[in-house]
Structure formats: structure tokens, C-alpha cells
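User: I have a structure open and don't know where to start. Can you walk me through the strands and helices?

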Amino acid sequence: MNRLRTILTAAALACAAAPAAAQHGTTPPPPGPLRPFRVPQPQEFTLANGVHVVVVPQTALPIVDGRILVRAGSVYEPAAKGGLAQLTGNLLDQGVPGMTASQIAARMERLGAQFSTSGGYATAFTDVVALKDVFAEAMTLAARTVMEPTFPDNEFTRLRTQMLTGAIQRQSTVEGLAAEAFARAVFQPGAAYARLPGGSKATLETLTLADVKDWHRRMYSPANTTLLLVGDLTVAEARRIAQQALGSWSAPAVQVPVVRNPVQPVQGTRVILVDRPGSVQSGVWVGQAGMGYGDPAYFPMLALSNVLGGGFKARVNMNLRERHGWTYGAFTSFTPRAEVGTFAITSSIRTNATDSAVAEAVREYRRIAAEPVPAEELQSATANIVGSFPNTVQTVQGLTGRMETLLTYGLPLNFWSSYRERVAGVTAAELARVGQQKLSPNAITVVIAGDLSKIEQPIRALNLGTVEVWNPLGDKVR
């Protein structure tokens, strides 16, 4: 009886609420004015040995994140040694004089610290996050892995094998094949951005322990290093910790190689097919070389990317997934780096719908470049970026990642302070201008990896442009 009374009461309340809901309608209200949000302001100094130190106070919790960034990423390695920078970075925490990898891990665990090392396109890094009262000890140990790694032979073999396995796995998926082929297609041979930081099976198999030791000796130096400290500490405390951790490091200055990433000249739309027999999906990339960080059109381009494929309700996902059911998701990849980057629509498509989905992706690409974006759609896209930004910098780890971007690409240290306002200020006219000036809708690169016995002829029938067939290594076979 009590259960029946509860159900009847709930039903009565729902009926009473229905007219009120109908009066308000289903259209959400427009976004209100931006609420004040302060991004902590960085301060910087340099140790006597040349280490650049950047301090970002974030005192909400007694936690500190320390990240040592060395300009020794994959963009500086020879093409024939692909994967060397990342392998070296992965090996940093595998031993220091007097301590094995397991002993380092046990010490960090005792301190309650999160600790990792690796390498990417621009930098190699060591990162440690710990409570304030133990952070100095954890940071000092982390710094030792950068200054004096021992590179044990058995750990070299294990981690190189691990990276080889990863490289082979990438080429076993249509997503991995398409991503690698797109990079090779957009940039000229020899360009660092034409290859992934993890290397290939062919290059990783040639790497030796001597290569790793020589890379560390030539590229790791105080003058080539930045220590980023984010969290609950003052500048004076940061100075003491930095001096304790890295002040004694002595190594010759590094001659950092000049990096160029020339893009492939594209006269018209180019279609590249990579075969993966038996695949039930096709990996698709539709795009081109794009702008780098620091381009004055960065904010309009960011807004354009969000309109086209920045979320579930963005154009390509609503088209390819919601309207047609060809994919679980379709989005844009806007990846600015130093001087140049890439911009593309990406998705994994059901094999028997590959041609239709590619045609729609190309149509959406051309539409965003040529047609004005309605004000309401632009406002929704920028509100999404603006509203989600504070969540990305509320933790010390998130704020560290944002600050690392500034340091890596030479952006002003106050870049994030006006980020929300600059995104919110993008106009429809600016969006139209960036679409016309930065996109080349009739000279794009379309990469499709999948079962060519089923998709090649339908793709050719689209007549998008010149069609090439590549093997997984990037060699043109026909």
C-alpha cells in the first residue's frame, strides 16, 4: 500500500510539473557573462649552471608537481635512429648509481609520489608529483635519473622490445596505419613530423645501448633543461628545491640541431590507400598541414575546429554517427606544434560505408571552409571551450601540462591568463576568414586504411583526386 501511494504521489508531481516545463520550452538559455577565473602567474629564474626554472604557485592543496624538460625530443634525432629519444627517456628511471629501477620505484612509493619518465616530439621529461612535505626528497631523486642514469643493459633490451611491440601493434590497426600514413603524406621525407616519436620496427631494431648513452651525453645538459614547478610552494622554496636537485649538475652546453618540417606541396586532392586485409573498419584521415602555435589565427582556428569536430554535437559526428550510423565517433584533430602542425577530420568507419563516409567528411571539410558559420553554432562551440578550460588547470598535473605547452613552443607565460576571453571573442567574420585563408578544401590529403578488396573501387569512384596505394611502410606500390 505504501509503495502504491509513493507511485501515485510521484505521478501527480510529474503531471503538475509538466505545464511549467512546457512554458519554459526546451531551448537552453544563452551563456551568461564569463565569471572571473584567475590562472596562477608563473615566475622564473635561472640557476648558476644554466637550468631554467619556472614556478607556478597553486596553493589549493599541499601538492607539488615537478617536471624536468630537456630539449632532447625526437625532432632532433636522425631519421635513421627513429625512437632513440623516446627510448632514452623511457630508460631514465631504470637506475642511478647505487640504486636499481626497483629501488627507485620503492623509494618513490614510500614517499607516496607519482613518478614517470619518457620522451615526445620536442622534449624528454621526468615528472614527479608528491605532497609538499616530501616533495624535495622526491624531486632530488627524480633529478638524479636525468643527470646520471645508468642505463642497465637488461632494461635497455626489455624497453626496446616493448617499444618494438608497440610499433608492430600500431601497424596492425587501421587507426595506426592511417595516422602514420597521414603524417608521411603531409610532410616531406626526412621531416621529423613525418614520423612518430616511438620509431618504427626497422629503426628500433638498429638501436644499441651505445646509441642511448651517446644521445644522453650529447643532448642532456643544464643549459638545455627547464625545471617546471607547479603547486604549493613559494619562489624561495622553489629556489632551494631547484638548487638541491639540479644545482650540482655539470655538463657541456648542447648544440641543438636546427629543425625544419617542410610540408609536401599539394596541387590537388590526394587520396592514399593502405591495405589491411580482412578489416571490418577503415581508418580515415581527411586534412592537411596546419598552423603552428603562435599563429595570429590560432584562436579562430581553434573555434573552427570545435564547430567542425570538437565534440559529440559537432558537425562531423552528428553527420557520420548520428545521422548515418557509420561510426562510433568522428572528430577533428587540430595539432599545432612548432611553426607548423596538422588539421584533419578523423574516424574509424564501417567497411561497407567507407566511401559514403569519406564523401561526407570531404563535404563537411569544404563546407566549413566556404560557408559562414551561424552565430548560434559558433557561440555554442566557443562556450564549450571556455566552460571546460578551468577544469583543465585546477589540478597541479593539469596546470603543469598547460604550462609545458607554453615552454615547449615558446609562447608567452601569461598565455592562459586571457585564453577564455580570446576564445569567447572570436567572431563569425574571423571564423570565415580563417576558413578561407588556412584551409585548402580542394587540395587536401585523404588517407584511408582498410580492406582494399572491398573499399578501393568505391573510393576511386568518388573521383576525389589522384589515388595512390601505399604499403604500411609508406612506399607507393601503385
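Analyst: We can go through the sheets, then the helices that pack on them. Keep in mind that this is a predicted model.

User: OK, take the sheet with β9. What is the strand order there?

Analyst: The order is β11-β12-β10-β13-β9-β14, an open sheet of six strands with mixed pairing.

User: Which strands stand at the edges?

Analyst: β11 (327-335) and β14 do. Each has a single partner strand, so one side of each has no neighbour in the sheet.

User: And β9, which strands does it pair with?

Analyst: β9 pairs with β13 (residues 445-450) in the parallel sense, over six bridges. It also runs parallel to β14 (residues 466-470), with five bridges between β9 and β14.

User: Which residue is the bridge partner of D275 in β13?

Analyst: G450. On the β14 side, I272 stands opposite E468.

User: Is β9 largely enclosed or open, and why?

Analyst: Enclosed: five of its six residues (270-275) are buried, which means that the rest of the structure largely surrounds β9. Buried here means under 20% relative accessible area.

User: What about β10 and β13, parallel or antiparallel?

Analyst: Antiparallel, with five bridges joining β10 (residues 281-291) to β13. One pair of bridge partners is V286 and V446, the latter in β13.

User: Which helix packs on that sheet?

Analyst: Helix α6 (residues 174-186) packs on it, touching β9, β10, β12 (340-350), β13 and β14. The direction of α6 makes about 30° with that of β10. Helix α10 (residues 298-309) lies across β10, β11 and β12, at about 175° to β11.

User: Switching to the sheet with β1. What's the order?

Analyst: β1-β2-β8-β3-β7-β6, an open sheet of six strands with mixed pairing. β1 (43-46) and β6 (114-119) are its edges; each has a single partner strand, so one side is left without a neighbour in the sheet.

User: How do β2 and β8 pair?

Analyst: In the parallel sense over six bridges, between residues 52-57 of β2 and 225-231 of β8. V56 has V230 in β8 as its bridge partner.

User: And which strands of this sheet does α4 touch?

Analyst: α4 touches β3 (63-70), β6, β7 (124-131) and β8, and its direction makes about 160° with that of β7.

User: Last one: how does α4 meet α9?

Analyst: The axes of α4 (residues 132-147) and α9 (residues 235-246) come within 8 Å and cross at roughly 35°. The crossing is right-handed. Among the contacting residues are F135 and M139 in α4, and I241 and L246 in α9. By class, the contact has eight nonpolar, two polar and two charged residues.

How values were computed
Residues are numbered from 1 along each chain as its sequence is written. This is a predicted model: local features need pLDDT of at least 70, side-chain atom pairs count only at pLDDT 80 or more; totals for chains, interfaces and linings use all residues. Side-chain values use heavy atoms; hydrogens and water are left out. Buried means under 20% relative accessible area, exposed over 50%, partly exposed in between (1.4 Å probe, protein chains only). Helices (H or I, at least four residues) and strands (E, at least two) are DSSP runs, numbered from the N terminus. Two strands pair if DSSP finds at least two bridges between them. Axes are lines fitted to C-alpha atoms, for helices over the stretch in contact, and angles run from 0 to 180 degrees between N-to-C directions. A crossing is left-handed if the near helix is turned anticlockwise from the far one by less than a right angle, and right-handed if clockwise. Contact means heavy atoms within 4.5 Å. Ala, Val, Leu, Ile, Met, Phe, Trp, Tyr, Cys and Pro count as nonpolar, Asp, Glu, Lys and Arg as charged, and the others, Gly among them, as polar.
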